[in-house]
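Visitor: Please give me a close look at one part of this model, starting from a ligand and following the chain from there. Explain the terms as they come up.

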Amino acid sequence: EHDATPFVPGRRARLPGLRKAAADCRGCPLYQDATQTVFGEGHTNARVLLLGEQPGDQEDRQGRPFVGPAGRVLRRALADAGIDPDGVYVTNAVKHFKFTIPEGRKRRIHKAPTLREMTACRPWLMAELRVVEPEVVVALGGTAGKALLGSGFRVTEQRGALLPWPGLGDQGSTGGAEEGISGLVATIHPSAVLRADDSDRTRVYDGLVADLRIVADLLG
Ligand code: URA
Ligand code: SF4
């Protein structure tokens, strides 16, 4: 196994079929230690697709993306930017939780996925793009940005502007959906707001909202 391709249903599959098939994905080793696949969720016809990194601890337990603390920040930031949090589609570059348990501890600590793991999982994202056909894709944080734009991506330099869509589809794997994507907007990961010092948190949050306003403006 080196990627998810053998597990992705044919191009007529809709979101429920994709989600069901993704539950059995063994396209990379990450399925082994995680509880379950956390597939994307939201409106099938969403104009915005938000891409996170990977499920966190809560997401792994509940089987749904962005249901933990970072998700609460994200929903509030979307609303403050004038984007209906219930009108978007949210997913992750990698669909299984990757973690370590430090010696003598119980808590599972998130570990960043490798480029290899993101590449292995990418066929699921391509399938989601094909079904949802978003107008704008939002990369949440450096890892999501790298998943789309490659290892040279730097969130500090590229955030808050409409970037050209990189065109990921080989052999038309998104069924032409990529042509409808007007571009990519990158911003920080909402968990950066949670990690910020108390004195800095408002500024970091406001930066996230400002970047999301670019997206709101694009939607008109
Ligand atoms: N962080 C992410 O990147 N994705 C989630 O689903 C939750 C937290
Ligand atoms: Fe499949 Fe992605 Fe999970 Fe790897 S992380 S097993 S490619 S769904």
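Guide: Ala, Val, Leu, Ile, Met, Phe, Trp, Tyr, Cys and Pro count as nonpolar, Asp, Glu, Lys and Arg as charged, and the others, Gly among them, as polar. By that division, the shell around ligand 1 holds four nonpolar, six polar and two charged residues. This is a predicted model, in which local features need pLDDT (the predictor's confidence in each residue, from 0 to 100) of at least 70, side-chain atom pairs count only at pLDDT 80 or more, and totals for chains, interfaces and linings use all residues. Residues are numbered from 1 along each chain as its sequence is written, while chains are lettered from A and ligands numbered from 1 in the order in which they are written. For the chain, the mean pLDDT is 95, and 97% of the residues reach 70 or more. The predictor assigns the complex an ipTM of 0.96 and a pTM of 0.96.

The shell of ligand 1 (C-beta atom, placed from the backbone, within 6 Å of the ligand) includes Gly-52, Glu-59, Pro-65, Phe-66, Gly-68 and Asn-92. Glu-59 belongs to helix α2, residues 57-62 (a DSSP run of H or I, at least four residues long; strands are runs of E, at least two; both are numbered from the N terminus). Glu-59 counts as buried because it has 24 C-beta neighbours inside 10 Å (20 or more make a residue buried, 12 or fewer exposed, anything in between partly exposed, with C-beta atoms placed from the backbone). Setting aside residues up to four places away in sequence, Glu-59 touches Val-38, Arg-64, Pro-65, Phe-66, Val-67, Gly-68 and Phe-97 (C-beta atoms, placed from the backbone, within 7 Å). Three of these contacts, Pro-65, Phe-66 and Gly-68, also appear around ligand 1.

Gly-52 leads to strand β2, residues 48-52. Five of its five residues are buried, so β2 is largely enclosed by the rest of the structure. Val-48, Leu-50 and Gly-52 point one way from the strand, and Leu-49 and Leu-51 the other way. In a regular strand the side chains alternate between the two faces of the sheet.

Strand β2 has two pairings to follow (at least two DSSP bridges make a pair). Four bridges join β2 to strand β3, residues 89-92, in the parallel sense, and there Leu-49 stands opposite Tyr-89. Four bridges also link β2 to strand β6, residues 136-140, again in the parallel sense, with Val-136 as the bridge partner of Val-48. From β6 the path goes on to β8, which runs parallel to β6 over five bridges; Leu-140 stands opposite Thr-187 there. Strand β8, residues 183-187, has four of its five residues buried, so it too is largely enclosed by the rest of the structure. Strand β7, residues 162-163, pairs with β8 in the antiparallel sense over two bridges, and Leu-163 stands opposite Leu-184.

Back in β2, Val-48, Leu-49 and Leu-51 are among the residues that touch the most other members of the largest nonpolar core, as are Val-138 and Ala-139. This core has 56 residues (buried Ala, Val, Leu, Ile, Met, Phe, Trp, Tyr and Cys joined through C-beta atoms within 7 Å). Its largest share, ten residues, comes from α4. Helix α4, residues 115-132, also supplies the largest share of the shell around ligand 2, with three residues. Leu-49 itself, leaving aside neighbours within four places in sequence, is in contact with Tyr-89, Thr-91, Glu-128, Leu-129, Val-132, Pro-134 and Val-137.

Conventions:
Two residues are in contact if their C-beta atoms, placed from the backbone, lie within 7 Å.
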